[in-house]
Structures are given as structure tokens and as C-alpha cells.
Amino acid sequence: MDIVLALKALIMGLVEGFTEFLPISSTGHLILTEHLLGFHGMEEKMKVFEIVIQAGAMLAVIWEFRARIIAVLTGLGDPKQQRFATNVLIAFIPAAVLGVLFDKAIKQVLFAPVPVALAFIIGGFVILWVEKRAKDKPTSARITSVDDIKPLDALKIGIAQAFALIPGTSRSGATIMGSMIFGLSRQVATEFSFFLAIPTLMGATIYSLYKERALLSAADLPLFTIGTVSAFISAFLCVRWLLRYISSHTFTVFAWYRIAFGLLVLVTAYTGAIVWAE
């Protein structure tokens, strides 16, 4: 195995894991990292690699919340578990349907420097607005447990997640901020975002791998394994850290980071330093 290539796969996995569940867009960071690591001429293969390592991040969430997942799977006769599973399914549907219908069009039209940068920057200001709203009305959260979420709430959250189909928006960011707008507490919004990530990432991975199946090769298995394992470990650490962080902090720091990153995209695209889209 090429040691340099293995190290690059390790770094890409770490970037995926550390950014997938933070409201900062893993896609944008993977594009930047891919360019900086010099994956020139490997764009098609990298598409498959990025799809595969998403599975590592998804498995980290499954492991972290395994107790609740097992409780749901083994207790579907329990109305509480039924309601929870139904809400996750309802919230999953909007992004799944719109993703299948408009995936190609979105990539052709929106996967360009200016839309990506604008998504970063606008998303940052949305976070600032949501956090200001929460500060001005600290008792506005009406849902303080994932078990109190109603089907209509789940549908609204699912629609919010669908905005993440726009490159640079961030799936977790759209889901968490949408949830807070619709009355979930910061902690519950974040926790539900993690649960919603499981079917969302699983569905996206299976669908994308099927579309790109011609690019799959057994020879790539070692690199895919390195990337997936590193994504799993970094995502697991990130999820654990984020759950502790939000217990006493807001998402404001991520808002300013998004704005700065969006400006970076604009500058690098304008100067030609980074090719953000073909």
C-alpha cells in the first residue's frame, strides 16, 4: 500500500468525522482538504471514497446511541418507541424524496463557488439569529425531550433538513437550527439531529454507491477501510464532545466560523487558488 495515499485517506476520514455533525458543512471541508492533499486526476474515485467514509460517521452515531436504538428495535410494540421511530421516519422523508428528484440538478446548478460560499455565510447569520432569538426568549423551547416531539414537528424538522441539499448548508446545521426555530431546546434539537442522521446518511450512502457502483474496486478496500475507521473514531469523539459542549454553550462560534469559511471560499475561488467545482 502507498503510505502517502494511506495517510491522505486517514486525513480525509478525520475531516469527515469531525465535520459531519457540526453545523459547518462536511462537504465544503472535504473539497478543501481534497484539493490541499493533491488528489488531482482522482476526482471520480474520490466521489466514491467520500460516500464510503460517510458510513464511518454514521456508525459512530449508531454506537453512541446504541441503547436507544436497541430499545426502539426491540420495543416497537411500545407506543413510546413507535412514536419515536415514526417521527424519525417522517423527518427523513422530505430530504430523501427531494434528494432523489433533484440531486443531479442541484449538483449542476448549486455546486459552484458562489452558491457554496453564500450557503456558508447565510447559514452563519441564520445561526446568529436563532441564538439571539433563544437568548431573548430563554423559555421559548416547548419540547425538552425527544419523546415529546409530535409528527408535525418531525415533518417541519425534515423540511428544514432538506435545505441541506444545497451544498455548503450543513445537514446538522439545517436540522438543529430548524428544530430550535420550531420549539425544540438546543439539547433536544442536537440529539434528534443525531438520530435523524442515521437513516439520512444510510440512505444517501446506499443510493450514491449504487449510482457510482462502476467505480468500485476491491483494490481500493484498504484505503476505504482506513478512511472509514478514522471517520468513525473522529465522529465518535466529535459527537461526545458536542453533547457536552451544548450543555453550557451556544452555536455562535460555529456561525462566525461559517462566515469566515464562506469568505475563504469566495477568495480562493476568485483567485483560482482552489477549484471548488468542475
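Here are some questions and answers about this predicted model.

User: Which helix gives the most to the largest nonpolar core?
Analyst: Start with the core itself, which has 45 residues. Phe21, Ile149, Phe192, Leu242 and Phe251 have the most contacts inside it. Nine of the core's residues come from one helix, and that top contributor is α9 (residues 186-211).

User: And the other core, how many residues does that one have?
Analyst: It lies apart from the largest nonpolar core. Met12, Val15, Val48 and Ile53 are among its members. The count for this other core is 15 residues.

User: Which aromatic residue forms a pair with Phe251, and what is the angle between the planes?
Analyst: Phe251 has plenty of company, touching Pro23, Ile127, Met180 and Leu242, among others, even with residues up to four places away in sequence left out. Its ring partner is Phe254, and both residues are buried. The centres of this pair are 6.0 Å apart and the pair counts as tilted. So the partner is Phe254, since an angle between 30 and 60 degrees counts as tilted, and the angle here is 45 degrees.

User: Is Phe261 buried or exposed?
Analyst: Phe261 pairs with Tyr257 in a tilted arrangement, 6.0 Å centre to centre with 35 degrees between the planes. The two sit four residues apart in helix α11 (residues 252-271), so about one helical turn separates them. Tyr257 is partly exposed at 37% relative accessibility. Phe261 has a relative accessibility of 5%, and because the cut-off for buried is under 20%, Phe261 counts as buried.

User: Which helix gives the most to the nonpolar surface patch?
Analyst: The patch covers about 580 Å² and is made by Leu7, Leu10, Leu14, Phe18, Val229, Ile233 and Leu237. Two elements give two or more residues to it, α1 (3-19) and α10 (221-245). Leu237 lies in α10 and counts as partly exposed at 47% relative accessibility. With four residues, the top contributor is α1.

User: How many residues of helix α2 are buried?
Analyst: Helix α2 spans residues 26-36 and is mostly covered. Its buried residues include His29, Leu30, Ile31 and Glu34. Just after the helix, Gly38 takes a positive phi of about 75 degrees. Of the eleven residues in α2, the number buried is eight.

User: How many residues apart in sequence are the parts that the Lys80 and Asp147 pair ties together?
Analyst: Their side chains meet in a salt bridge, 3.6 Å from N to O. Lys80 is partly exposed at 37% relative accessibility, whereas Asp147 is buried at 17%. Lys80 lies in helix α5 (residues 79-110) and Asp147 in the loop between α6 (113-136) and α7 (151-162), so the pair ties together parts whose separation in sequence is 67 residues.

User: Where does the salt-bridge partner of Arg142 lie?
Analyst: Arg142 meets Asp153 in a salt bridge, 2.5 Å from N to O. Asp153 counts as buried, at 3% relative accessibility. Arg142 itself lies in the loop between α6 and α7, so the pair ties together parts eleven residues apart in sequence, with Asp153 in helix α7.

User: What separates Lys132 and Asp136 along helix α6?
Analyst: The two form a salt bridge, with their closest N and O atoms 2.9 Å apart. They are four residues apart in the helix, so the separation is about one helical turn.

Note on methods: Residues numbered from 1 in each chain as written. Predicted model: local features only at pLDDT ≥ 70, side-chain atom pairs only at ≥ 80, totals over all residues. Heavy atoms only, no water. Core = buried A, V, L, I, M, F, W, Y, C linked by side-chain atoms within 4.5 Å. Buried < 20%, exposed > 50% of the residue type's maximum accessible area, 1.4 Å probe, protein only. Contact = heavy atoms within 4.5 Å. Patch = residues over 30% accessible without salt bridge, like charges linked within 9 Å, V, L, I, M, F, W, Y side chains within 5 Å. Areas by Shrake-Rupley, 256 points an atom, 1.4 Å probe, with all protein chains shown as cover. Salt bridge = Lys/Arg side-chain N within 4 Å of Asp/Glu carboxyl O. Phe/Tyr/Trp six-rings, centres within 6.5 Å; stacked < 30°, edge-to-face > 60°.
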